[in-house]
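Here are my notes on this one, written as I went through it. Have the viewer open alongside, and tell me where you read it otherwise.

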Amino acid sequence: MPKSIPFHLIKGTAAFSFRFREKAVDGPSVSLLEKQHNRIMLQFSFLLLLSLVPPLEAKDNGNTTFTSLPFKMRLPDSVRPLHYDLLIHPNLTFLNFTGSVQIQLEVRQETKHIFLNSKNLHISRALLLGSRHPHLLKLQESEHFEQIALSSESLTFTRGLHVIQLDFSANLSDTFHGFYKGTYTTRSGQVRALASTQFEPTHARAAFPCFDEPAFKANFSIRLRREPRHISISNMPKLKTVELAGGLLEDHYDVTVKMSTYLVAFIVCDFLSISKRSQHGVEISVYTVPEKISQAEYALNTAVTLLDFYDDYFDIPYPLPKQDLAAIPDFQSGAMENWGLTTYRESGLLFDPERSSTSDKLGITKVIAHELAHQWFGNLVTMQWWNDLWLNEGFAKFMEFVSVNITYPELQVNDYFLEKCFTAMGVDSLSSSHPISTPVENPAQIREMFDDVSYQKGACVLNMLRDFLTPEAFKMGIIRYLKNHSYQNTVNADLWYSLTNICQSDDLDSGRLKTDGFCSDSKSRTSASKWYMDDDLNVKAIMDTWTLQEGFPIISVEVKGREVYLKQERYLKGADPAKNSSFLWQVPLTYITSSSSSVQRFLLKHRKDVLYLPAEVEWIKFNVDMRGYYIVHYEAGGWDALIRQLQQNHTVFSGNDRASLIHNIFQLVSIGKVPLDKALSLSLYLRCETEIMPVTQGFSELVPLYKLMEKRDMAALEHQLKSYLMNLFQRLINAQRWSDEGSVSERILRNYLLLFACVRRYGPSVQTAQELFQKWKESDGKMRLPADVRLVVYTEGARTEEGWDFLLEKYRQTLYPSEKSQIKAALSYSPLADKLKWLIERGLEGDILKTHELPSLVISVSKNPQAYKLAWDFLRTNWQKLVKKFDLGSSSISRMVVGVTNQYSTREKLVEVQSFFSSLEQGMGAGLRSVQQALENIEENIRWMDKNVPLLTDWLNNHST
């Protein structure tokens with residue numbers, strides 16, 4: 001990191017101005033709290049004057065040394081922070097910042113050193129306050145552990161309260177984490193700067209010295225200095241603004257609730273906002289760059305609706321007086337749940353009714369629901385350590401579906417939950433997977449926890465548990481969990497305890513839980529909740545099998561008369577079955593039969609078991625609506641019976657059941673349990689399918705097969721398979737209208753089908769798309785295209801150089817994030833490889849395409865049959881730059897590693913990928929879990945092709961039309 005600029009060189013005389021004129025620019029009249037702040041400020045004026053001596057480099061500073069002091073990755077628990085008084089002054093001209101923090105500490109055990117986190121900060125002064133004269137402390141630093149140690153030869157930190165002060169400076173980060181710089185361009189071409197934060201998981205330490213672990217919760221008093229042309233925003237409401245010498249302003253914010261450092265947030269920018277008050281009296285605001293404020297209304301109304309919903313659902317009032325949502329122009333993550341100031345990508349927050357698609361609306365609603373759920377799950381109650389990240393992310397992912405399903409039923413959000421479980425299983429079926437709760441220590445390992453296992457699998461096992469316990473009991477349990485652990489940190493077992501013996505809870509006696517009569521109403525206890533009759537039910541024992549071991553089970557089912565023989569084993573691709581012998585789950589099974597659509601339940605605790613039916617049946621279908629996180633294999637003619645039923649009348653099964661049958665049978669092909677021709681025979685029924693989940697799951701299983709062939713010399717088989725797919729869905733494609741009519745799922749499916757038809761060069765669709773693009777182009781982009789088919793039209797236009805260039809110019813000009821996203825996708829689908837090479841290279845520069853968009857662009861190009869080699873070459877050539885920008889172990893890096901390579905299926909490519917990653921140093925990615933996933937995916941592709949290409953060829957020859 002570049003050397004920081006010393007305090008005395010900061011623009012505007014000094015970084016800190018001490019001639020405090022107590023003139024309130026805005027805010028209420030001077031209160032007792034303000035007077036306390038004034039006294040603190042006067043104290044700071046003396047102490048900070050000491051810090052204006054120009055700091056020297058660490059190697060020359062007698063107070064800072066690099067030492068062999070026994071640092072450890074985790075901070076000791078013997079010293080805990082209680083309160084931070086934090087002053088930050090970013091300079092958006094020189095792109096650096098200065099700051100000072102006073103930390104009130106509780107020393108629980110006498111010590112010679114105080115350890116805390118710091119990364120890339122130049123600390124000019126460390127003081128112990130509280131006595132008549134401040135005591136200068138010696139500072140020792142470990143870059144590897146991202147820590148500093150404070151000490152003095154003449155004193156010992158005794159048990160009790162102490163206050164330390166550290167003055168520091170640094171450059172604004174040019175990454176997407178810590179306190180980092182961002183820019184946006186106005187319609188007139190002016191480039192404007194801002195500074196914002198992204199601290200999760202371990203980057204608060206790059207903005208100020210702190211105890212940067214989730215269990216070290218504290219209160220924060222934050223002050224931000226700025227120029228008058230900017231505003232500042234932070235977690236809490238602003239109390240007042242004070243004018244300082246030199247024309248600077250200082251915003252004083254109310255003290256936060258007790259929270260973890262990763263939830264602290266502050267922004268200095270020139271945004272505008274719109275506001276609205278919720279039914280519960282919370283002031284909700286949406287902040288955007290000025291020219292995009294007209295796109296903020298949907299997010300504002302949605303946030304009001306969802307925050308009120310959570311307030312009522314959890315029976316716990318939202319504890320802050322305000323909730324801000326800010327759209328950040330440069331933002332790596334999808335969004336961040338900072339308490340009281342959630343931050344988002346612009347595309348994740350801004351909506352325009354004329355230009356944004358139905359898919360955009362669904363995505364924005366879900367991401368707001370996710371971040372607001374975190375205000376309870378994650379912020380109010382926080383995991384003890386990052387090994388249990390899923391307690392935050394799995395719950396927020398789960399609750400986004402629960403909340404949106406209730407508040408916006410027209411969005412049909414439940415149609416998309418299954419896909420999350422299928423995605424998780426794709427990762428969880430590999431040897432490189434990990435338990436939901438798994439040990440992590442260093443920052444790179446922690447960042448790797450932000451993956452599909454923590455988010456998607458976490459949500460899916462919670463959904464399974466909710467179905468098992470009943471929604472009413474599950475809701476009561478999670479409310480009990482939140483109320484018992486508010487402002488605290490938890491581990492897995494705390495959740496399981498809260499979900500056990502709910503109706504015998506002490507919380508009922510104390511009136512803390514509203515049960516709505518559930519525990520006293522015997523009619524509530526149906527067969528769906530028969531566990532109430534089982535005194536031995538142990539939620540912890542059940543759920544430990546899902547959270548403390550990786551993977552998931554395959555349940556083999558064999559029906560013999562009225563007896564159903566069950567067997568469980570781990571589903572694992574490409575490994576020695578003997579390695580799976582120790583895995584055992586407690587599986588909440590559900591099933592329906594040809595004789596009864598009533599859902600039956602059975603808890604499978606053993607490796608093998610038998611259940612008895614009241615009468616013989618033609619077929620049995622387990623895992624109803626795929627609410628359980630397991631797949632099912634039907635032995636001895638079981639699959640044949642289900643396939644016959646699908647062909648005769650597929651609507652006997654729900655859309656989710658049909659999607660799960662498609663998914664399960666193709667997963668069984670991968671491990672040799674079912675021959676490919678049987679899975680393909682099941683797919684034939686799709687000619688009659690119309691619902692989004694089964695249709696998209698059919699595509700999800702079949703499209704990757706020909707994508708493997710596109711990267712090998714297999715043109716004849718590739719085209720034969722593509723023709724089969726077109727034949728399957730041609731009737732459904734022909735039924736699509738080029739409009740925005742229909743339900744949400746119908747509109748999203750329309751985009752999916754028409755895009756597939758055009759990419760496959762289906763004549764009628766291609767002709768319509770070309771005509772629409774030509775008209776749109778002739779209008780200079782002013783003609784309104786139906787939002788749900790705009791991507792299809794753009795994709796067709798991007799096939800020619802003239803069309804591609806026109807789209808790129810519109811990309812540069814548009815102020816609508818949804819339009820930018822669609823144009824970017826269309827450009828990446830183009831067969832013009834030279835254009836794509838230029839575009840991804842510009843993405844690294846960030847001048848045309850924002851750099852945070854680069855990972856998705858690179859992955860999209862890697863799927864392009866004309867340009868996929870560009871993506872792998874780009875990843876290898878620019879690996880060090882990408883790691884520096886996006887951070888080792890981040891989801892951006894992981895998604896690129898897996899996404900760029902997961903369609904390779906030759907031994908030559910396997911060796912190439914292995915060679916590249918093995919040549920890296922450990923600290924540059926050689927040991928990443930995503931690298932192991934990528935290699936396993938390629939190995940699995942090789943096995944699949946070796947075994948199934950002859951079968952596929954024969955089957956297609958026999959079923960060609």
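Contact here means heavy atoms within 4.5 Å. Bear in mind too that this is a predicted model.

1. **The main core.** Start with the largest nonpolar core, which has 306 residues. Those with the most contacts inside it are Leu-150, Leu-166, Phe-208, Phe-211, Ile-368, Phe-622 and Trp-879. Helix H28 (residues 929–958) supplies the largest share of this core, with 11 residues. As background, nonpolar side chains in soluble globular proteins tend to be buried together.

2. **Leu-150 up close.** What does Leu-150 touch, once residues up to four places away in sequence are not counted? Its contacts then include Lys-112, His-113, Ile-114 and Leu-116, along with Ala-126, Leu-137, Lys-138 and Leu-139. Phe-157, Ile-164 and Leu-166 complete the list. Leu-166 also appears among the residues with the most contacts inside the core.

3. **The eight-stranded sheet.** This is an open sheet of 8 strands with mixed pairing, in the order E6-E5-E9-E3-E2-E12-E15-E14. Strand E6 (135–136) and strand E14 (238–243) stand at the edges with a single partner strand each, so each has one side without a neighbour in the sheet. E6 runs antiparallel to strand E5 (residues 122–129), joined by 2 bridges. Leu-127 is the residue opposite Leu-136 of E6.

4. **Strand E12 in that sheet.** How many of the 8 residues of strand E12 (residues 219–226) are buried? The count is 7, so the strand is largely enclosed by the rest of the structure. Strand E2 (residues 79–91) pairs with E12 in the parallel sense over 6 bridges, and His-83 has Asn-219 of E12 as its bridge partner. With strand E15 (residues 249–253), E12 pairs in the antiparallel sense over 4 bridges; there Arg-223 is matched with His-252 of E15.

5. **Strand E16.** Both faces of strand E16 (residues 266–269) are covered. Phe-266 and Val-268 are buried on one side, and Ile-267 and Cys-269 are buried on the other. That fits the usual picture: in a regular strand, side chains alternate between the two faces of the sheet. E16 pairs with strand E13 (residues 231–234) in the antiparallel sense over 4 bridges, and Ser-232 has Val-268 of E16 as its bridge partner.

6. **The five-stranded sheet.** Here 5 strands form an open sheet, again with mixed pairing, in the order E17-E18-E19-E21-E20. Its edge strands are E17 (272–277) and E20 (335–336), each pairing on one side only. Strand E19 (residues 322–328) and strand E21 (residues 341–345) run parallel and are joined by 5 bridges; Ala-326 stands opposite Thr-343 in E21. Helix H3 (residues 358–374) lies across E19, E20 and E21, at about 150° to E21.

7. **Asp-311.** This residue lies in helix H2 (residues 297–313). Is Asp-311 buried or exposed? Its relative accessibility is 7%, and because buried means under 20%, Asp-311 counts as buried. Leaving out residues up to four places away in sequence, Asp-311 touches His-280, Ile-316, Pro-317, Tyr-318 and Trp-376.

8. **Helix H7.** Helix H7 (residues 452–469) has 18 residues and reaches 24 Å from its first C-alpha to its last, close to the 26 Å expected at 1.5 Å a residue. H7 bends by about 25° at Gly-458. The helix is mostly covered, with 15 of its 18 residues buried.

9. **Helix H16.** Look for the kink of about 45° in H16, centred on Leu-728. The end C-alpha atoms of this helix (residues 715–734) are 26 Å apart, which agrees with the 28 Å that its 20 residues should span at 1.5 Å a residue. Its buried residues include Leu-717, Leu-721, Tyr-724, Leu-725 and Leu-728 itself. Among the elements covering them are helix H14 (676–683), helix H15 (692–710), helix H17 (744–759), helix H18 (763–778) and H28.

10. **Helix H19.** Here 8 of the 8 residues (790–797) are buried, so the helix is largely enclosed by the rest of the structure. Arg-790 and Glu-796 are among the buried residues. The packing is against H17, H18, helix H20 (801–813) and helix H21 (817–828).

Definitions and conventions:
Residues numbered from 1 in each chain as written. Predicted model: local features only at pLDDT ≥ 70, side-chain atom pairs only at ≥ 80, totals over all residues. Heavy atoms only, no water. Pairing = 2+ DSSP bridges. Axes fitted to C-alpha atoms, helices over the stretch in contact; angles between N-to-C directions. Core = buried A, V, L, I, M, F, W, Y, C linked by side-chain atoms within 4.5 Å. Buried < 20%, exposed > 50% of the residue type's maximum accessible area, 1.4 Å probe, protein only. Expected span 1.5 Å × (residues − 1). Bend = angle between axes of the 7 residues up to and from the residue.
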